[in-house]
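Visitor: I should like to learn how to read the features of a protein model. Might we take them one at a time?

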Amino acid sequence: MSERFDTVDIIRVKRDRGTLSPEQIDWTIDAYTRGVIADEQMAALNMAILLNGMNREEISRWTAAMIASGERMDFSSLGKPTSDKHSTGGVGDKITLPLAPLVAVFGVAVPQLSGRGLGHTGGTLDKLEAIPGWRAALSNDEMMAQLADVGAVICAAGAGLAPADKKLYALRDVTATVEAIPLIASSIMSKKIAEGTGSLVLDVKVGSGAFMKNVDDARELAQTMVTLGKDAGVNTVAFLTNMSTPLGLTAGNAIEVQESVEVLAGGGPSDVVELTVALAKEMLAAAGQPDADPAAALKDGRAMDVWRRMISAQGGDPDAELPVAKESETIVASADGVLTKLDALSVGVAAWRLGAGRARKEDAVQAGAGVRLHAKPGDTVKAGQPLMTLLTDTQEKFERAKEALEGAAVVSPQAAGIPPLIIDRIG
């Protein structure tokens with residue numbers, strides 16, 4: 001069949017800072033999904049978008065075209081509101097684990113389609129797969145049945161949702177175009193809108209351990225995604241949250257599950273609890289329950305009950321012993337004073353090098369590997385006191401992990417101001 005457009009002409013429009021027409025965008029996404037546009041041509045177009053940007057209409061149409069490349073889920077038969085959360089990824093970001101069952105306590109269904117980790121940011125599915133028997137792959141029918149029964153599901157996105165995004169994401173990863181805000185926003189939002197949730201809360205991370213290193217870029221990304229959601233009829237709000245320090249006291253897989261269970265038991269680190277409750281309140285308000293009290297549901301065990309049912313429904317044993325790393329090494333404070341910095345990126349890279357993450361999609365991860373923190377910025381420490389414990393099954397991984405942590409922890413004579421965890425709300 002003869003094609004409506006010439007790929008080279010489309011690349012040239014963006015190269016010369018022009019605006020693509022709706023028809024050009026629809027054809028581009030469809031032709032790339034069909035294999036008419038070659039990877040090297042799409043790579044050139046992605047780079048032109050990274051360098052020259054897109055306007056609101058272009059990003060909105062690009063997102064709609066990606067949604068149209070696959071199926072859309074429909075939760076209207078559930079008879080209850082749906083709400084979802086997406087985080088742009090960070091270090092120690094296990095919030096989805098306690099959050100999904102917590103929101104489900106209040107009769108709001110949470111269809112949490114999650115991914116695997118790549119590089120220094122951990123993947124929710126990798127964490128949950130540390131639980132013996134738990135499975136990530138569910139059919140659409142299984143997912144609907146679990147949402148109707150338990151109210152929360154955390155699973156892998158099916159191949160049918162936004163297939164254009166899968167091809168595009170893999171290409172962006174190897175062509176240094178991951179950071180393009182129009183492409184990040186359309187990638188995230190095409191999947192979330194296709195997923196069919198009624199409302200969406202975005203957690204856009206800012207700082208060394210995040211994709212977005214500065215607040216201005218993070219705010220632009222958050223605003224772009226909120227606009228895309230609203231344009232598509234999804235009630236969307238975003239938080240900007242601090243990712244200069246890891247969240248909680250763990251970065252890994254099994255150890256993050258363990259920490260999430262502590263939060264569900266009414267304990268856990270204060271920053272994880274703070275963000276979980278703030279996001280839950282926002283999700284519940286968006287689903288029509290502005291007066292719900294999620295903090296109470298963490299304390300009284302209701303969220304834990306839903307967690308146990310959610311894990312069991314996917315074949316997991318909520319009472320099983322979690323895997324433990326065979327080897328450990330401790331890093332200690334070099335001086336007396338106050339811990340004023342603990343760099344999230346360094347901790348994330350160390351956890352990754354210990355075996356908690358993967359360099360390529362096909363790599364396996366170690367369930368027990370990671371970094372357990374014993375102090376956070378603001379804590380007073382003594383020389384020789386443990387700051388963090390490194391965990392792995394592979395002794396020879398310690399050396400490179402310790403290299404990543406050189407200069408990551410700073411102990412100062414006096415305290416410095418601790419920035420707030422939640423920087424801003426956009427919606």
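The dialogue below treats the pockets, a strand pair, a helix and an annotated region in turn.

Guide: Please keep in mind from the outset that this is a predicted model. Let us begin with the pockets.

Visitor: What volume does the largest pocket have, and which residues lie closest to its centre?

Guide: Its volume is about 1,400 Å³. The lining comprises 46 residues, and S114, G115, R116, Y169 and K191 are the closest to the centre.

Visitor: Which elements give two or more residues to this lining?

Guide: They are the strands β1 (83-87) and β2 (110-114), together with the helices α6 (124-128), α8 (163-174) and α9 (181-194). The greatest contribution is that of α8, with six residues.

Visitor: How does the lining of the largest pocket divide by class?

Guide: There are 15 nonpolar, 17 polar and 14 charged residues in it.

Visitor: How should I describe the second largest pocket, and which residues lie nearest its centre?

Guide: The same steps serve here. This pocket holds about 530 Å³ of space. Its lining has 23 residues, with T245, K376, P377, I418 and P419 nearest the centre. At least two lining residues come from each of α12 (270-286) and β8 (337-342). By class, eleven are nonpolar, seven polar and five charged.

Visitor: Let us turn to strands. How many bridges join β2 to β3, and do they run parallel or antiparallel?

Guide: Five bridges join the two strands, which run parallel. As one example of facing residues, P111 is opposite V153 in β3. Strand β3, residues 152-156, is mostly covered, with four of its five residues buried.

Visitor: What span should α9 have?

Guide: One allows 1.5 Å a residue, and therefore the 14 residues of α9 should span 20 Å; the end C-alpha atoms are 20 Å apart, in agreement with that figure. A further general idea is useful: an α-helix has 3.6 residues a turn, so residues three or four places apart point the same way.

Visitor: How many residues of α9 are buried, and which residue with a positive phi follows the helix?

Guide: Of its 14 residues, 13 are buried, and α9 is thus described as mostly covered. The helix is followed by G196, which has a positive phi near 85°.

Visitor: Lastly, which residues does the domain annotation cover?

Guide: The unreviewed UniProt entry assigns "domain: Pyrimidine nucleoside phosphorylase C-terminal" to residues 338-412. In the model, the chain over residues 338-412 is 27% helix and 29% strand, and its end C-alpha atoms are 5 Å apart.

Definitions and conventions
Residues are numbered from 1 along each chain as its sequence is written. This is a predicted model: local features need pLDDT of at least 70, side-chain atom pairs count only at pLDDT 80 or more; totals for chains, interfaces and linings use all residues. Side-chain values use heavy atoms; hydrogens and water are left out. On a 1 Å grid over the protein atoms alone, a cavity is a set of points where a 1.4 Å probe fits but cannot get out, and a pocket is an open set with protein on both sides within 12 Å along at least five of seven lines; lining residues have an atom within 4 Å of a point. Grid points are joined across faces, edges and corners, and a volume is the space filled by probe spheres set on the points. Ala, Val, Leu, Ile, Met, Phe, Trp, Tyr, Cys and Pro count as nonpolar, Asp, Glu, Lys and Arg as charged, and the others, Gly among them, as polar. Buried means under 20% relative accessible area, exposed over 50%, partly exposed in between (1.4 Å probe, protein chains only). Two strands pair if DSSP finds at least two bridges between them. The expected span of a helix is 1.5 Å times one less than its number of residues. UniProt positions are given in the numbering used here, feature names are shortened, and annotations may be inferred rather than shown by experiment.
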